[in-house]
Amino acid sequence: ENTTSTSSTDQVDFQTHQGDVPSAMSLEQLSEPTTNDPNLNERIREAQYSYSPDRLDQLANDPHYLVREAVALNSRTRSDTLDRLSRDTVSSVRERVARNHNTRSLTLHTLARDPDERVRKNVANHQNTDDDTLTVLARDHSREVRYLVAGHPRTPTDALIILASDYDLSIRRHIAERSNLPRQVLSILANDNYAEIREKIAHRNDLPDDAINSLAGDKEVSIRRLIAEKDRLPLSALRTLANDVDLGIRQTIVRRSDLPSDVLMTLASDRDNSIRESIAQKSNLPPEVLRTLASDRAESVRLIVASKKELPDDVVLTLASDEKLQVRQKIAERSSLPDRALKLLAQDADESIRRTIANRSDLPPEAIRIMAQDKSDTIREVIAKKATLPNDVIELLAKDENLGVRLAISRRSDLSVDVI
């Protein structure tokens, strides 16, 4: 088989020798010459085991390709000798040059355009192959060459970007499994057509914000769940996931401690009760979120809010007029209530609520006057026994129809002459 190719300086004939030496056979396995040359075996062994770079340089000119192959593989062969052998007309010689660790990057760059795929594969796998050469090989027509570039420990960013868009799935998979990928590459793979690739990227902890944002809106729920569980999420991803159709994802998001006000508000209006309950249980909620939750359709949510130690006055007032007795009872039992809430609860339809309020020590005069006219004898008696009462309330209760109320007033030490 005869083909021609142009090197940097010469026009040479590339000849692939088939049948002389099997490709899988190492030179050490050769036991007898394949020609009538009586010294061939001796020269091959010398080329294999010689420690002299000068002698190896001489043997690189041997007429038999098996000798030149052995020189190309010898670890003592000089770089300039290997450079000369890289232009050998026999592809198997060039293939061995591409395997020798002494081969210079410039020589490898030339071999990266070799017509023999085996040569280019060795270049792609070589430790001395430089960034420019790897970038060239990232566009090689051979899938196997590109796959080796994808796995090279020093593949540069430009080559990784090329391979991240490779049409071959196995190559993109290989890239996705690398550590320390540049952010541009991660962003490309985060938008890959195959869910398998996107899921590999979603598992990573080094994702840039744009990749996270893309994956947060992925069509695969398993990928969105992986993103929702990350320690750090940009605001855009949080907003997207807070509106996710999957309840499990929203439940993951609601457990986070880094939710901004707008995301908290979104979740406070979630269609699922469990999400809103989880939001209500959080501490240091913004006032607007508390206002939304105080008017929630679920009693369980409003009850959680009513149990909080710190609430804005307007939220307390909203809950003080709640339709559910348990919610209003929670408010009535708070250690501190604004006067407007006390006045409102003093008129509550439920006697147990009014009784709770009547027993408080922080009732304003307006609430006391309301409760002094309560329909419950028990509540009026509680009011009559308070340490401090406005004079008009004392005079009113002194005329109460209930004996217990009047007796309570008669025992006071602050009665005026008129009342006595």
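This is a short walk through a predicted model, from its confidence values to a few helices, side chains and loops.

Let's begin with how far the coordinates can be trusted. The average pLDDT of the protein is 91, and 92% of the residues score at least 70. Residues 1-33 are another matter: pLDDT stays under 50 there, although the model has 57 contacts beyond four places in sequence for this stretch. Where pLDDT is low, the predicted coordinates should not be read in detail. With that in mind, the tour turns to other parts of the chain.

A good place to stop is helix α15, which spans residues 221-228 and holds Arg224. Is Arg224 buried or exposed? Its relative accessible area is 9%, and because values under 20% count as buried, Arg224 is buried. The Arg224 side chain has a polar contact with the side chain of Asp244, at 2.5 Å. If you set aside neighbours within four places in sequence, the residues in contact with Arg224 include Leu215, Ala216, Gly217, Leu241, Asp244, Val245 and Ile249.

One of those contacts, Ile249, leads us on to helix α17. This helix covers residues 247-254, and its buried residues are Ile249, Arg250, Thr252, Ile253 and Val254. An α-helix has 3.6 residues a turn, so residues three or four places apart point the same way. You can look for that spacing among the buried positions of α17, including Ile249, Thr252 and Ile253. The cover over these buried residues includes α15, α16 (235-242), α18 (261-268) and α19. At the start of α17, a side-chain oxygen of Asp246 comes within 3.2 Å of the backbone nitrogen of Gly248.

Further along the chain, helix α27 (residues 377-384) has Ile379, Arg380, Val382, Ile383 and Ala384 as its buried residues. Among the elements covering them are α25 (351-358), α26 (365-371), α28 (391-398) and α29 (403-410). Arg380, which sits in α27, counts as buried because its relative accessibility is 5%. What does a polar atom of the Arg380 side chain lie 2.8 Å from? The partner is the backbone oxygen of Asp374. Beyond four places in sequence, Arg380 is in contact with residues including Met371, Ala372, Asp374, Leu397, Asp400, Asn402 and Val405.

Now for a pair of helices. Two packed helices are described by the angle between their axes and the distance between the axes. For α20 and helix α21 (residues 299-306), the angle is about 135° and the axes are 8 Å apart. The two helices are therefore oblique to each other. Leu290, Leu293 and Ala294 are the α20 residues that meet Val301, Arg302 and Val305 of α21. Sorted by class, this contact has five nonpolar residues, one charged residue and no polar ones.

Finally, a look at two loops. Asn284 is in the loop between α19 (273-280) and α20 (287-294). Its phi is positive, at about 55°, although Asn284 is not a glycine. Asn284 counts as exposed because its relative accessibility is 77%. In the loop between α11 (169-176) and α12 (183-189) you will find Asn180. Asn180 also has a positive phi, near 55°, in a residue other than glycine. With a relative accessibility of 70%, Asn180 counts as exposed.

Terms used: Residues numbered from 1 in each chain as written. Predicted model: local features only at pLDDT ≥ 70, side-chain atom pairs only at ≥ 80, totals over all residues. Heavy atoms only, no water. Buried < 20%, exposed > 50% of the residue type's maximum accessible area, 1.4 Å probe, protein only. Helix = DSSP H or I, 4+ residues; strand = E, 2+ residues; numbered from the N terminus. Contact = heavy atoms within 4.5 Å. Polar contact = N/O pair within 3.5 Å; in protein donor to acceptor, adjacent residues only side chain to side chain. pLDDT = per-residue confidence, 0-100. Axes fitted to C-alpha atoms, helices over the stretch in contact; angles between N-to-C directions. Parallel < 35°, antiparallel > 145°, perpendicular 65-115°, else oblique. Nonpolar A, V, L, I, M, F, W, Y, C, P; charged D, E, K, R; others polar.
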